[in-house]
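Trainee: Could you take me through one part of this model slowly, the place where two of the chains meet? I'd like the whole picture in one go.

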Amino acid sequence: MDIKDIIKEENLVYSKTKVLTDNVMHYCPGCTHGVVHKILAEVIDELNIQEKTIGVTPVGCAVLAYNYLHIDWQEAAHGRAPAVATAINRLYPEKYVFTYQGDGDLASIGAAEIIHACNRGEKMLVIFINNGIYGMTGGQMAPTTLEGMPTSTSPYGRDVKMTGQPLKITELIAQLPGTCYVTRQAAHTPAAVRKLKKAITKAFDNTGKKKGTSFIEVVSTCNSGWKLSPVKSNEWMVEHMFPYYPLGDMKDE
Amino acid sequence: MAKVRGAIVVDIEKCKGCGLCVVACPSKVIDLAKEVNGKGYNYAYMSNPEACIGCANCAIVCPDTVISVYKVKTEANA
Amino acid sequence: MAELKLMKGNEAIAEAAIRCGCDGYFGYPITPQSEVMETLMARKPWEETGMVVLQAESEVAAINMVYGGAGCGKKVMTSSSSPGVSLKQEGITYIAGAELPCLVVNVVRGGPGLGTIQPAQSDYFQATKGGGHGDYRLIVLAPASVQEMYDFVDLGFELAFKYRNPVQIQSDGVIGQMMEKVTVGEFKPRLTDEEVVKRYGSWATTGKTANRDRNIITSLDLDAYRQEQFNLKLQRKYKEIEEKEVRFEKIACEDADYLLVAYGSSSRICQKAIEIAREKGIKVGLLRPITLFPYPTKAIQAMLGQVKGILAVEMSAGQMVEDVRLAVEGKVKVQHYGRMGGVIPTPNEIVKALEEQIING
């Protein structure tokens with residue numbers, strides 16, 4: 001059978017969802033953000049909630065996420081996305097509100113906002129990208145940077161005596177009664193991406209049912225910041241990040 | 001016996017040549033081209049198209065969503 | 001129906017918010033303005049009008065909730081006092097940069113730092129010159145009575161939406177805490193979600209429908225040329241505000257040889273000082289800026305052929321006096337008199353300062 005007999009409209013099994021824009025993403029080659037954006041867009045499309053979804057972008061690499069999904073967006077100040085999303089949720093209780101935040105944004109400068117929004121049980125979804133580094137500003141140490149991991153502000157490796165242990169904020173969040181679903185996922189293999197998609201679908205479903213805050217950590221790579229190739233970054237993540245940040249559900253009520 | 005045949009189409013100009021699709025493919029269909037696209041990336045292409053089963057694993061892990069996947073079931077003939 | 005009520009300045013803010021159809025209030029307790037949220041929580045407007053009232057975890061969170069609500073095209077506000085308003089500056093500059101309408105109330109207390117809980121007017125620079133980063137302006141309204149506290153909530157929202165710009169009510173501990181009779185207006189219903197879409201759907205995040213492109217609320221543009229063009233657009237807006245929205249009051253100015261310039265509670269004390277001065281034969285008038293930005297520069301300039309000297313009276317080390325001097329351009333003598341740290345000047349002190357610093361100075 002010839003290739004051109006296969007490549008026909010009726011045989012199409014996978015293509016870009018219409019919720020994704022045609023803009024070329026500014027992310028580095030192999031960046032996890034792109035995969036998570038795509039999954040978010042696919043879930044929004046499949047649940048048919050495009051007109052009801054409002055996203056809140058962080059400060060960090062994902063600040064420009066609003067260029068990539070055909071939904072309404074607000075861009076928040078560094079760490080403040082949960083506060084911004086709180087107001088949207090309260091004023092438009094029928095909408096599907098989500099924040100999309102990195103580890104510096106969520107676990108460092110915005111630690112207060114995320115804890116209190118989750119504690120209030122805001123009816124929203126939080127996507128937390130944890131790659132253990134500040135990507136946008138050039139690879140500085142994050143609260144989630146692993147012990148001994150070199151970054152531009154910990155060039156000899158993170159010294160936990162100076163800066164404390166890497167913060168497992170998702171474990172903290174899972175303690176809060178306002179959260180209904182807390183899980184840690186990844187997006188490095190087809191199987192992981194399929195599981196992540198199920199998690200995001202469940203989280204939006206929770207939002208629709210007004211169950212409380214759903215919180216999804218995605219253990220991610222930053223190959224530019226880690227100074228590894230995309231493929232090597234995934235291997236490094238599996239070897240070093242997963243033991244400290246084990247995947248799986250922490251709470252599902 | 002039914003046989004599954006697949007094929008992918010890569011949006012070459014949008015591909016950043018990260019290579020994640022290459023390792024995600026269970027049938028070793030994809031490689032990065034020696035040639036580069038307009039941005040200087042060695043883009044992904046089917047180096048072994050006969051082996052493609054249309055599983056879409058490559059497309060699923062592609063951060064830039066540049067891969068479309070096609071699949072047909074055919075009767076094996078020889 | 002309009003009715004007459006006795007209330008505190010802070011309570012008037014809350015009452016006005018409910019009656020003018022405000023959609024959301026987000027605040028954090030701080031003296032001397034806590035009665036704003038206390039009144040709202042006691043009134044439970046969510047049962048009456050559907051208005052959302054939420055005590056945030058910090059002033060920082062509160063102003064960012066205002067950002068989120070304003071980005072939805074909703075009528076939202078916050079209130080605080082000086083140290084809290086300092087914390088809100090990040091959010092305020094983002095709101096100005098994203099061109100969102102909102103109302104911020106500052107019931108000013110003495111600083112710097114934790115300072116005091118007593119009244120002051122030492123946040124004039126912060127309110128009018130941009131307390132946060134970047135070239136932006138707030139529209140700043142300075143009430144001098146509890147009635148104006150009430151009236152400026154509705155006026156503030158009107159201006160905020162007209163220009164898509166944050167408006168700040170710059171009050172102080174005197175006006176916030178004192179009780180006066182207030183004529184309260186009739187209830188204005190909140191806009192329905194459909195009305196919000198109709199009025200503000202071109203920019204607000206009301207949900208992307210098939211008939212329009214996605215709306216994005218942001219202050220970010222990494223392209224330097226476009227960012228400059230955006231800044232020029234903001235400057236044109238501020239220019240238009242300066243041309244159209246100046247508000248001030250003149251008292252006893254017709255025959256005045258000397259002029260006091262004062263806003264808010266200082267302007268009330270100045271009225272008594274004018275009485276005392278006139279009994280002594282000193283013809284002095286008062287110009288009270290009601291908008292601190294835009295400043296009544298031209299109104300002061302119009303007095304220059306008539307008055308021999310100007311005394312700016314403020315509860316600060318001398319902040320607004322700089323705008324008086326900019327208006328006067330050295331043509332007559334301008335002096336400042338003020339008390340700080342929560343001390344309120346007396347009318348006699350003001351007359352003495354006028355005599356010593358202007359008439360005989």
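Mentor: Sure, let's start with the A–B interface: chain A and chain B bury about 2,700 Å² between them, 68% of it on carbon and sulfur atoms. Buried area here is the accessible area (1.4 Å probe) that two parts lose on being put together, summed over both. On chain A's side, A:Met1, A:Ile6 and A:Tyr14 supply 20% of the area buried against chain B, more than any other three residues.

A word on the ground rules: this is a predicted model, where local features need pLDDT of at least 70 and side-chain atom pairs count only at pLDDT 80 or more, while totals for chains, interfaces and linings use all residues. Residues are numbered from 1 along each chain as its sequence is written, chains are lettered from A and ligands numbered from 1 in the order in which they are written, and side-chain values use heavy atoms, with hydrogens and water left out.

Counting residues, 33 of chain A are in contact with 34 of chain B, contact being heavy atoms within 4.5 Å. There are zero salt bridges between chain A and chain B; that term means a side-chain nitrogen of Lys or Arg within 4 Å of a carboxyl oxygen of Asp or Glu. What the rule does find across the A–B interface is eleven residue pairs in polar contact, both residues at pLDDT 80 or more. A polar contact is a pair of N or O atoms within 3.5 Å; within protein, one must be able to donate a hydrogen and the other to accept it, and residues adjacent in sequence count only if both atoms are side-chain atoms.

Now for where chain A's residues come from. Helix 1 (3-6), strand 1 (12-14), helix 2 (32-46), helix 8 (190-208) and helix 10 (230-244) of chain A are the elements that give two or more residues to the side touching chain B. Helices (H or I, at least four residues) and strands (E, at least two) are DSSP runs, numbered from the N terminus. By class, that side of chain A has 19 nonpolar, eight polar and six charged residues. In this scheme Ala, Val, Leu, Ile, Met, Phe, Trp, Tyr, Cys and Pro count as nonpolar, Asp, Glu, Lys and Arg as charged, and the others, Gly among them, as polar.

There's strand pairing too, which takes at least two DSSP bridges between two strands. Strand 1 of chain A and strand 4 (residues 67-75) of chain B run antiparallel, joined by two bridges. A:Tyr14 stands opposite B:Val69 in that strand of chain B. So keep an eye on A:Tyr14, one of the three residues named for buried area.

For context, look at chain A's other neighbour. Of the two pairs of chains that touch, A and C have the most contacts, whereas chain B and chain C do not touch, their nearest C-alpha atoms being 20 Å apart. Chain C and chain A bury about 2,800 Å², 59% of it on carbon and sulfur atoms. Three salt bridges are counted there; one pairs C:Glu57 with A:Arg120, the closest N and O atoms being 2.8 Å apart. Between chain C and chain A the rule finds 20 residue pairs in polar contact. Strand 3 (residues 72-75) of chain A and strand 9 of chain C pair in the parallel sense over two bridges, and A:Gln74 has C:Ile217 as its bridge partner.
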